[in-house]
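This report describes the pockets and the nonpolar cores of one protein model. Please keep the sequence and the structure in view while reading.

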Amino acid sequence: MGYTFDFGAVFDRAPELFWGSLGTLGLAVAGMILALAIGILGVAARTSKNKLVRSPAIAFVEIVRNTPFLVQIFFIYFALPLMGIRLNPTATAVIALGINGGAYAIEIIRGGVESVNKGQVEAGFALGLHKADVFRLIVLKPALRAIYPSLTSQFVMLTLTTSVCTSIAAYELTSAAQRIESDTFRSFEVYFSVTAIYLVISSLMMGIFALISRYYFNYPTR
């Protein structure tokens with residue numbers, strides 16, 4: 001094989017990869033926050049007894065979960081200007097990530113809420129707790145504890161999905177890599193390095209989520 005590996009071009013452009021990584025993290029965090037907000041509000045609508053409220057929530061979940069993210073981000077990017085709403089690629093990417101992650105979060109959170117024994121809720125009311133206290137102390141924390149692994153895994157997946165946002169010119173790690181690759185023609189070296197960076201980002205996020213779980217969602221030992 002006559003190919004000579006040369007990572008020097010990648011090292012020379014390391015600042016661009018660094019800023020691209022920060023762009024990826026920014027998109028991911030903003031998308032997670034929006035997805036969590038959509039998930040919480042969506043669960044309220046999804047579990048509503050009012051069919052007019054529940055049906056749109058069900059339709060939203062089914063449409064988003066059964067269409068590719070690439071199609072979703074293109075639809076938002078090209079459809080909003082037709083309605084007079086013009087957003088830059090970064091804002092469009094955050095909205096698309098939030099909508100996509102929110103649809104999955106709705107079902108994950110709903111599963112957690114429904115896993116809480118109704119008898120516990122009734123016992124809380126019997127003890128004279130206010131409805132807000134029952135939700136906060138009896139429903140919310142056990143539900144979050146139950147869904148936390150699934151929800152955080154979804155958020156890690158959402159972080160990796162940011163790579164698709166390069167299709168609308170949003171600035172993140174993959175778009176930086178494409179720029180470097182087009183300048184240096186060192187495809188293997190660039191994408192090998194980017195793969196390693198994505199692994200580091202994913203591992204870092206999983207470590208942070210594990211620490212949060214250890215401090216906030218562990219059962220008391222004594």
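Helix 7 contributes more residues than any other helix to the lining of the largest pocket, namely 6. Helices here are DSSP runs (H or I, at least four residues), strands are runs of E (at least two), and both are numbered from the N terminus. The model is a predicted one, in which local features need pLDDT of at least 70, side-chain atom pairs count only at pLDDT 80 or more, and totals for chains, interfaces and linings use all residues. Residues are numbered from 1 along each chain as its sequence is written, and side-chain values use heavy atoms, with hydrogens and water left out.

**The two pockets**

A pocket is an open set of points on a 1 Å grid over the protein atoms alone, where a 1.4 Å probe fits, with protein on both sides within 12 Å along at least five of seven lines; lining residues have an atom within 4 Å of a point. Its volume is the space filled by probe spheres set on the points, which are joined across faces, edges and corners.

| Pocket | Volume | Lining by class |
|---|---|---|
| Largest | about 530 Å³ | 14 nonpolar, 1 polar, 2 charged residues |
| Second largest | about 390 Å³ | 15 nonpolar, 1 polar, no charged residues |

In these classes, Ala, Val, Leu, Ile, Met, Phe, Trp, Tyr, Cys and Pro are nonpolar, Asp, Glu, Lys and Arg are charged, and the others, Gly among them, are polar.

Among the 17 residues lining the largest pocket, Val43, Val113, Glu114, Phe135 and Val139 lie nearest its centre. The lining of the second largest pocket receives at least two residues from each of helix 2, helix 7 and helix 9.

**The nonpolar cores**

A nonpolar core is a set of buried (under 20% relative accessible area, 1.4 Å probe, protein chains only) Ala, Val, Leu, Ile, Met, Phe, Trp, Tyr and Cys residues joined through side-chain atoms within 4.5 Å. Which members of the largest core touch the most other members? They are Met32, Ile73, Ala93, Cys165 and Phe209, out of 31 residues. Helix 2 (14–46), helix 4 (69–79), helix 5 (89–115), helix 7 (131–161) and helix 9 (187–216) each supply at least two residues of this core. Helix 5 gives the most, with 8 residues.

Phe209 is in contact (heavy atoms within 4.5 Å) with Met32, Tyr148, Thr152, Phe155 and Val156, leaving aside residues up to four places away in sequence. Apart from the largest core lies another core, of 8 residues, including Leu17 and Val190.

Terms used: Buried < 20%, exposed > 50% of the residue type's maximum accessible area, 1.4 Å probe, protein only.
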